[in-house]
2 protein chains.
Amino acid sequence: MTETIGFIGLGNMGSPMAINLLKAGYNMRVYNRDLSKTQTLVDAGAKRGVRPSDVVEHGGIVITMLANDEALEAVTLGIDGILTHLSPGGIHISMSTVSPDLARKMQKLHEQQGCHYVAAPVFGRPEAAAARQLWIAEAGHPEAKKRVRPILDALGQGIFDFGEEAANANVVKISGNFLLASAMEAMGEAFTLGEKNGVERTKMYELFTQTLFACPAYKSYGKRIAEKNFEPVGFTMQLALKDINLVLDSAKEVVSPMPLASHLSNRLLSGIARGRSDRDWSELSRGVLDDAGIE
Amino acid sequence: MTETIGFIGLGNMGSPMAINLLKAGYNMRVYNRDLSKTQTLVDAGAKRGVRPSDVVEHGGIVITMLANDEALEAVTLGIDGILTHLSPGGIHISMSTVSPDLARKMQKLHEQQGCHYVAAPVFGRPEAAAARQLWIAEAGHPEAKKRVRPILDALGQGIFDFGEEAANANVVKISGNFLLASAMEAMGEAFTLGEKNGVERTKMYELFTQTLFACPAYKSYGKRIAEKNFEPVGFTMQLALKDINLVLDSAKEVVSPMPLASHLSNRLLSGIARGRSDRDWSELSRGVLDDAGIE
């Protein structure tokens with residue numbers, strides 16, 4: 001029998017992911033706070049719920065793909081939330097980028113209710129989500145991971161396992177976003193040094209991304225930064241700031257200074273102060289241009 | 001007729017490079033301040049000079065691979081130096097990592113003497129030099145670049161041209177070392193955040209270097225940083241500090257703030273203060289561990 005999946009959070013990542021699960025043959029119930037965003041999925045064959053609990057069944061599987069800790073807490077712990085409707089035996093696959101702290105709390109609460117919480121945050125932009133090219137970091141109870149494996153396989157190109165502690169997958173996820181933002185800052189500084197010395201930014205980009213840094217992170221973000229063209233928006237400055245602050249919160253909690261993360265937080269904050277809140281996060285590199293007095 | 005090449009500077013990069021030119025069939029004269037380092041090359045068929053000028057002929061080609069600006073100035077401008085013996089028509093291929101400022105000065109002085117200065121700094125560790133796997137950024141007079149092309153081809157796997165201004169190649173080179181050091185700092189911070197949260201450093205390394213950061217820079221340095229094993233030494237902390245300070249000098253000159261480069265300078269300085277001057281530069285990431293109170 002095909003599993004029926006509940007899917008909560010149909011933003012620019014969640015929506016193509018849910019579409020892919022429908023295409024893979026899963027029955028689906030969907031919920032989104034802004035109900036209008038469910039229409040594409042309903043047209044494609046999903047059933048719409050008007051409360052989070054509407055898409056959850058006892059012993060079933062529910063996926064959440066939400067913007068932040070607050071949203072995950074609201075749909076999970078509220079009176080019409082996931083948790084009370086999922087038990088016994090259900091699994092909550094939490095794919096949002098949330099704090100390791102909340103993942104710890106969530107895993108505990110789910111286990112107390114006799115169900116499982118699997119953290120499975122993803123790497124990849126909306127285009128990658130649509131193309132089933134996401135990379136997934138997963139962590140949680142072994143039996144639960146086994147049951148959800150076909151679902152994750154239908155969403156991504158590779159799954160990396162980080163053990164039983166759900167929070168571990170979230171630590172890895174926010175660390176990855178930190179590495180990406182660090183690479184953007186570094187390229188922004190390097191290309192601008194080149195530009196002010198009379199070297200073409202795109203020529204530098206070509207050398208580096210064909211040699212030492214021939215990898216997706218530098219190729220995709222580096223192109224934007226070299227060309228100073230930050231369209232289309234895949235992941236906003238605002239969300240990037242949220243993630244870097246999750247990194248800094250975790251760093252404080254485990255007592256591990258991260259000077260580069262602190263700098264990135266200020267860099268993003270300054271971009272937001274200049275009205276770039278909803279621009280792509282690669283535009284954090286414009287802060288380097290601002291500092292250098294050029295466009 | 002085969003060119004006779006003068007080669008000055010037989011350190012752990014210059015020595016394997018000179019060997020490769022001998023293997024490629026070039027006649028060779030070599031000079032090194034510490035004469036004992038010339039023995040390997042002499043055994044392989046090179047002639048030894050006791051002064052820089054001994055390895056230079058009018059209209060010929062001389063390669064320098066030296067530690068810093070001071071060494072390049074000494075062998076080029078001194079009384080027994082390269083410059084007066086190279087004209088007319090000779091070419092000085094300068095492969096050291098030196099300041100853009102010195103490259104500008106050198107190019108001008110060589111042109112005034114009727115010869116050419118081609119900047120051709122390299123990316124790659126000593127193993128890469130031995131395996132002819134260097135990447136080379138070149139800049140200088142078009143005719144001169146044309147003449148030296150077969151020589152550069154015998155040393156590397158790829159050549160990237162940055163126009164006629166020699167200094168441009170040096171800007172690119174020091175920017176590349178800045179990008180590498182930035183990536184090391186970022187990985188150091190990320191892996192240490194993971195470790196203090198209970199995530200294995202090497203597991204994080206595996207995910208990142210098989211996905212977003214699947215490139216030589218992250219794979220090679222990331223492995224050292226994840227495993228905290230910084231042997232063997234390829235490029236020292238001391239030399240890395242020199243290069244980051246070249247970046248900061250150039251940044252000041254063109255008025256382009258580089259906060260990450262400033263941080264890296266302090267990070268390297270602190271490593272040196274802790275006695276790591278001659279250790280591999282990837283050990284700059286140990287500063288993150290020190291800061292976090294772990295080994």
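This is a short tutorial chat about how two chains, A and B, meet in a predicted model.

Reader: Okay, I see two chains. How is chain B related to chain A?

Author: Start with the general idea. Two copies of a chain are related by a rotation about an axis and a shift along it. In this model, a turn of 180° and a shift of 0.0 Å along the axis lay chain B on chain A, with an RMSD of 0.0 Å. The two copies are thus related as by a two-fold rotation axis. If you want to find that axis on your screen, look for B:C215: its C-alpha is the nearest one in chain B, 2.6 Å from the axis.

Reader: Got it. And do the copies meet through the same surface or through different ones?

Author: The same one. Of the interface residues of chain B, 100% are also interface residues in chain A, so the copies meet through the same surface.

Reader: How do I put a size on an interface like that?

Author: The size of an interface is often given as the accessible area lost when the parts come together. Here chain B and chain A bury about 5,000 Å² between them, and carbon and sulfur atoms give 75% of that. On chain B's side, the residues that lose the most area to chain A are B:L179, B:L193 and B:L212, which together make up 14% of what that side buries. You can also count residues: 59 of chain B are in contact with 59 of chain A.

Reader: What about polar links? How many salt bridges and polar contacts are there between chain B and chain A?

Author: Take them one at a time. For salt bridges, the rule finds 0 across this interface. For polar contacts, the count is 14 residue pairs.

Reader: Which elements of chain B should I colour to see the side that touches chain A?

Author: Several give two or more residues, among them β8 (134-138), β9 (156-161), α8 (166-196) and α11 (237-254) of chain B. Start with α8(B), which gives the most, with 19 residues. Sorted by class, that side of chain B has 37 nonpolar, 13 polar and 9 charged residues.

Reader: Now inside one chain. Into which domains is chain A divided?

Author: Domain 1 covers 4-164 and domain 2 covers 171-291 of chain A. Their centres, taken over C-alpha atoms, are separated by 28 Å. The contact between them takes 18 residues from domain 1 and 21 from domain 2.

Reader: Can I read that contact the way I read the one between the chains? How much area do the two domains of chain A bury?

Author: Use the same kinds of numbers. The two domains of chain A bury about 1,300 Å² between them, with 63% of it on carbon and sulfur atoms. Three residues of domain 1 supply 45% of the area it buries against domain 2, more than any other three: A:T97, A:F123 and A:R125.

Reader: And how many salt bridges are there between domain 1 and domain 2 of chain A?

Author: The count there is 2. Here is a salt bridge you can look up: the side chains of A:R104 and A:E253 meet at 3.6 Å, N to O. The rule also finds 5 residue pairs in polar contact across the interface of the two domains. On the domain 1 side, the elements giving two or more residues are α5 (100-112), β7 (122-123) and β8 (134-138) of chain A. α5(A) gives the most, with 3 residues. By class, this side has 10 nonpolar, 4 polar and 4 charged residues.

Reader: Can we zoom in on one residue? Where does A:I272 lie, and what does it touch?

Author: A:I272 lies in helix α12 (residues 259-273) of chain A. Leaving aside residues up to four places away in sequence, A:I272 touches A:M237, A:Q238, A:L241 and A:S277. A:M237 is 35 residues away along the chain, yet the two C-alpha atoms are separated by 7.0 Å.

Reader: Last one: which backbone oddities can I look up?

Author: Try the cis peptide bonds in chain B. The bond from B:S87 to B:P88 is cis, with omega near -5°, and B:P88 is in the loop between α4 (83-86) and β5 (91-94). A cis bond also joins B:E231 and B:P232, with omega about -10°; B:P232 lies in the loop between α10 and α11 of chain B. Then check phi of A:R132: near 55°, a positive value in a residue other than glycine. You'll find A:R132 in the loop between α6 (126-130) and β8 of chain A.

Definitions and conventions
Residues are numbered from 1 along each chain as its sequence is written. Chains are lettered from A and ligands numbered from 1 in the order in which they are written. This is a predicted model: local features need pLDDT of at least 70, side-chain atom pairs count only at pLDDT 80 or more; totals for chains, interfaces and linings use all residues. Side-chain values use heavy atoms; hydrogens and water are left out. Contact means heavy atoms within 4.5 Å. Buried area is the accessible area (1.4 Å probe) that two parts lose on being put together, summed over both. A salt bridge is a side-chain nitrogen of Lys or Arg within 4 Å of a carboxyl oxygen of Asp or Glu. A polar contact is a pair of N or O atoms within 3.5 Å; within protein, one must be able to donate a hydrogen and the other to accept it, and residues adjacent in sequence count only if both atoms are side-chain atoms. Helices (H or I, at least four residues) and strands (E, at least two) are DSSP runs, numbered from the N terminus. Ala, Val, Leu, Ile, Met, Phe, Trp, Tyr, Cys and Pro count as nonpolar, Asp, Glu, Lys and Arg as charged, and the others, Gly among them, as polar. Domain bounds come from an automatic or database domain assignment. Copies are superposed by least squares on the C-alpha atoms of residues with pLDDT of at least 70 in both.
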